[in-house]
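Thanks for coming, everyone. I'd like to walk through side-chain contacts and helix packing in this one. Please have the structure open as we go.

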Amino acid sequence: MGININGNLPLRNLLLSLIQKRFLKTSSTSQPPNASSSPSSFTVHYLINSCGLPLQSALSDTHIAKLIEKWPAVLRSRTEDNLKPKFDFFITNGFVGQLLPQLVVLDPVIFRTSLDTSIKPCFELLKRFLKSNENILAALSRAPFLMSFSFNATVRPNLDLLKKQGVTADRVAKLLLSQPRSLQHSNDRMVYAVNYLKQLGIEPHKRMYIHALTVIARMNESAWRKKIDMFKSVGWTEEEVLWAFKRYPCLLLISEEKIRSMMDFFLNNMKLERQTIVANPALLKYSFGNRVLPRCNVLKVLKSKTLIKGDTNIATFLKLSEKDFMERCVTKYEDKVPGLLEMYRGIDKGKDGNG
């Protein structure tokens, strides 16, 4: 459990003393604490003056306070032997300005890992795919473990596997930015996922390949089989499930409860054909309270007043962006249907946040 900076009096007093007495009135050219200073004093001085960590408001909600909260042992860390070489490496490679302190507090564990065997090879590989330090930081914010979690034993073999399968660098970059935790799976698990995708006929150059890979890697065979059987219990065939999965891999990650309730609503309340749902699997993922119910209510009213006629394709309206739906179905008919906007917005949209 992390330390509460404000609630930890000795640590708070230490920082207060260090910052107020030593640094607030010194310039950037001031000398570091002398040899008689405590290791903690020297470490904090180094973090602030040498690494670009912000000095202002350092007692609450700052990078240095967050770093110490996440890793109190930093105050006992050897500056010259441990911290300085790693900071020097990042600064040399362009982590300057706000990028460095953001990296520092993201995962302090990196300062307990080897610079040569972990940090350097990981950084170089990430740089090859992600190009910019901003992208590297974005990937690390989703998966801080990348620079410290068994990189050579797990992450590198998985990236090498994808490259061998013909996954392009830009798709690997997309995986690193959107689903970096997928690389945390064992190499055996990733090999299984790759081979299963081959059986399904999903090729590495396909747009959905990376998405499908992350889903398969997360699900063991029994979980996969259970989800297929669940879809069959609500009227789908296995062929339909696999066909829909290729188009929308996240389909298999939707909870059983949600799938059953959404199928019931679409089939029994909206009289939607099952084939329409199969052809538009993303319908099952949409938020019921935020999207599906409000839009279906609007469509019912408009159809009852013959403002929209014929065989209305509900799926088309549900897939519209919020802006387009408002323009095409709400704002356009406000003068003809008083209270339409209020009715649309009157639904409780706070039930879930899937959009």
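Let's start with the rings. The count of aromatic pairs comes to 12. Keep in mind that this is a predicted model.

Take Phe-90 and Phe-123. Their rings form an edge-to-face aromatic pair, 6.5 Å centre to centre, with 80° between the planes. This pair links distant parts of the chain. Phe-90 is in helix α4, residues 79-92. Phe-123 is in helix α6, residues 115-130. That puts the two residues 33 apart.

Buried or exposed, then, for Phe-90? Buried, with a relative accessible area of 0%. Phe-123 counts as buried too, at 2% relative accessibility.

Now a pair elsewhere. Phe-265 and Phe-288 have ring centres 5.0 Å apart. Their planes meet at 85°, so this pair is edge-to-face. Again, the contact links distant parts of the chain. Phe-265 sits in helix α14, residues 256-269, and Phe-288 in helix α16, 23 residues apart. Phe-265 is buried, at 8% relative accessible area. Phe-288 is partly exposed, at 26%. The cut-off for buried is under 20%, so Phe-288 falls outside that class.

Back to Phe-90 for a moment. Which residues share an aromatic cluster with Phe-90? Phe-89, Phe-95 and Phe-123. Those residues and Phe-90 form one cluster.

One more ring contact, this time with a charge. The charged end of Arg-291 sits over the ring of Tyr-286. The distance to the ring centre is 4.2 Å.

On to the salt bridges. Side chains of opposite charge can pair when their charged atoms come close. How many salt bridges does a search of the whole structure find? The search finds 8. I'll go through some of them.

Begin with Arg-225 and Glu-238. They form a salt bridge, and their closest N and O atoms are 2.9 Å apart. Arg-225 lies in helix α12, residues 221-233. Glu-238 lies in helix α13, residues 238-247. So the pair ties together parts that are 13 residues apart in sequence. Both ends reach some surface. Arg-225 is partly exposed, with a relative accessible area of 33%. Glu-238 is partly exposed as well, at 26%.

Next, Arg-295 and Glu-322. This salt bridge has its closest N and O atoms 3.3 Å apart. It links distant parts of the chain. Arg-295 is in helix α16, residues 288-304, and Glu-322 is in helix α18, residues 322-330. The two are 27 residues apart. Look at the accessibility here. Arg-295 counts as buried, at 1%. Glu-322 counts as partly exposed, at 37%.

The third one stays inside a helix. Lys-323 and Glu-327 meet in a salt bridge, 2.9 Å from N to O. Why about one helical turn between Lys-323 and Glu-327? Because they are 4 residues apart in helix α18. Lys-323 is exposed, with a relative accessible area of 56%. Glu-327 is partly exposed, at 44%.

There is also a network. Salt bridges that share partners join Arg-225, Asp-229 and Glu-238 into one.

Now the helix packing. Two packed helices are described by the angle between their axes and the distance between the axes.

First case: α6 with helix α7, residues 133-142. They pack at an angle of about 110°, with their axes 9 Å apart. That makes α6 roughly perpendicular to α7. The crossing of α6 past α7 is right-handed.

Second case: helix α8, residues 151-164, with helix α10, residues 187-200. Here the angle is about 20°, and the axes are 9 Å apart. Roughly parallel is the cut-off under 35 degrees, so α8 and α10 are roughly parallel to each other. α8 also passes α10 in a right-handed crossing.

Last stop, Arg-128. This residue lies in helix α6, the helix that also holds Phe-123. Arg-128 counts as partly exposed, at 41% relative accessibility. How far apart are Arg-128 and Ala-169 in space? The answer is 8.7 Å, C-alpha to C-alpha. In sequence they are 41 residues apart.

That's the tour. Questions, please.

How values were computed: Residues are numbered from 1 along each chain as its sequence is written. This is a predicted model: local features need pLDDT of at least 70, side-chain atom pairs count only at pLDDT 80 or more; totals for chains, interfaces and linings use all residues. Side-chain values use heavy atoms; hydrogens and water are left out. A salt bridge is a side-chain nitrogen of Lys or Arg within 4 Å of a carboxyl oxygen of Asp or Glu. Buried means under 20% relative accessible area, exposed over 50%, partly exposed in between (1.4 Å probe, protein chains only). Rings of Phe, Tyr and Trp (its six-membered ring) pair if their centres lie within 6.5 Å; planes under 30 degrees apart count as stacked, over 60 as edge-to-face and the rest as tilted. A charge sits over a ring if NZ of Lys or CZ of Arg is within 6 Å of the ring centre and within 35 degrees of the ring normal. Axes are lines fitted to C-alpha atoms, for helices over the stretch in contact, and angles run from 0 to 180 degrees between N-to-C directions. Angles under 35 degrees count as roughly parallel, over 145 as roughly antiparallel, 65 to 115 as roughly perpendicular and the rest as oblique. A crossing is left-handed if the near helix is turned anticlockwise from the far one by less than a right angle, and right-handed if clockwise.
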